[in-house]
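Please look through the sequence and the three-dimensional model shown here before reading on. The paragraphs that follow go from single residues to the helices that hold them and then to the way those helices meet.

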Amino acid sequence: MESQVELAEKSARFMKLLPAGADSALIVLKGHLLIEELLTDLLKEKLAQGNPLEIKIGQNTMFAQKLNLCWALVQKDIKLEIWPFLKELNAIRNKMAHAVEPKCIDEKIEAFTEMVSSYDHYMMPKSRGSDLEFSIAWLHIVLSQYLHHVKNS
């Protein structure tokens, strides 16, 4: 069972590790890794509850595979349509990781942050810092809250 203190500690760790005000490449790469940790933890929790296919999640399991499996396992539980946002974050990260000067990356980042901010106007106030940082933080919060719920049910 995960306590509120542990959830707060995880949130504080996220805020410490996400490089506020940094270059967008570093924000995307770090944010992607932090979200991947949550996907891994969520899969481990969900698969521990019932795994007749004996699916194993390891270091070689790619983000896209984790995302698709999470999506399939919890899509009815998480009512928010976060999955396309996570897929887009992964596409941005892949572009950055596989090209020294990725083409149209600023446009892809802008489209990603627009997708997230247009989805939830209440979570995304207009007076804030970086849209990219806030979008990644919002996704992290949604997944963290759901993982906390799974661990405590």
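**Helix packing, residue by residue**

Once its neighbours within four places in sequence are set aside, Thr40 is in contact with Ile57 and Lys66. The model in which this contact is found is a predicted one. Thr40 has its place in helix 2, and it counts as buried because its relative accessible area of 13% falls under the 20% limit used for that class.

Helix 2 itself covers residues 24–48, and its 25 residues should span 36 Å at 1.5 Å a residue, which agrees with the 36 Å that separate its end C-alpha atoms. At the N-terminal end of helix 2, Asp23 acts as a cap, with a side-chain oxygen placed 3.1 Å from the backbone nitrogen of Ala25.

The partner to consider next is helix 6, whose axis comes within 10 Å of the axis of helix 2 and crosses it at roughly 10°. Because angles under 35 degrees are classed in this way, helix 2 is roughly parallel to helix 6. The contact draws on many residues of both helices, among them Ile27, Val28, Leu34, Leu38 and Leu42 of helix 2, and Ile136, Leu139, Leu143, Leu147 and Val150 of helix 6. Helix 2 passes helix 6 in a left-handed crossing.

Some of the names listed for helix 2 recur at a regular spacing, and a general property of helices is useful here: an α-helix has 3.6 residues a turn, so residues three or four places apart point the same way.

One residue of this contact can be followed in more detail. Leu147 lies in helix 6, which runs over residues 131–151, and Leu147 is buried, with a relative accessible area of 2%. Apart from neighbours within four places in sequence, Leu147 is in contact with Lys10, Leu38, Asp41, Leu42 and Glu45. Leu147 and Leu43 are 104 residues apart in sequence, while their C-alpha atoms are 9.4 Å apart in space.

Helix 6 also meets helix 5, which comprises residues 105–119; the two axes come within 9 Å and cross at roughly 55°, and helix 5 is therefore oblique to helix 6. This contact is made by Ile109, Phe112, Thr113, Val116 and Tyr119 of helix 5, together with Asp131, Leu132, Ser135, Ile136, Trp138 and Leu139 of helix 6. Helix 5, too, passes helix 6 in a left-handed crossing.

Which helices do the buried residues of helix 4 pack against? They pack against helix 2, helix 3, helix 5 and helix 6, and the buried residues of helix 4 are Trp83, Phe85, Leu86, Glu88, Leu89, Asn90, Ile92 and Met96. Helix 4 takes in residues 83–97, and its 15 residues reach 21 Å from the first C-alpha to the last, close to the 21 Å expected at 1.5 Å a residue.

Within helix 4, Leu86 is buried, with a relative accessible area of 0%. When residues up to four places away in sequence are not counted, Leu86 touches Ile35, Phe63, Leu67, Leu139 and Leu143. The C-alpha atoms of Leu86 and Met115 are separated by 11 Å, although the two residues stand 29 residues apart along the chain.

Asn68 offers a contrast, since this residue of helix 3, which covers residues 63–74, is partly exposed, with a relative accessible area of 41%. Asn68 and Lys87 are 19 residues apart in sequence, and their C-alpha atoms lie 8.9 Å apart in space.

Notes:
Residues numbered from 1 in each chain as written. Predicted model: local features only at pLDDT ≥ 70, side-chain atom pairs only at ≥ 80, totals over all residues. Heavy atoms only, no water. Helix = DSSP H or I, 4+ residues; strand = E, 2+ residues; numbered from the N terminus. Expected span 1.5 Å × (residues − 1). Polar contact = N/O pair within 3.5 Å; in protein donor to acceptor, adjacent residues only side chain to side chain. Buried < 20%, exposed > 50% of the residue type's maximum accessible area, 1.4 Å probe, protein only. Contact = heavy atoms within 4.5 Å. Axes fitted to C-alpha atoms, helices over the stretch in contact; angles between N-to-C directions. Parallel < 35°, antiparallel > 145°, perpendicular 65-115°, else oblique. Left-handed = near helix turned anticlockwise from the far one by under 90°.
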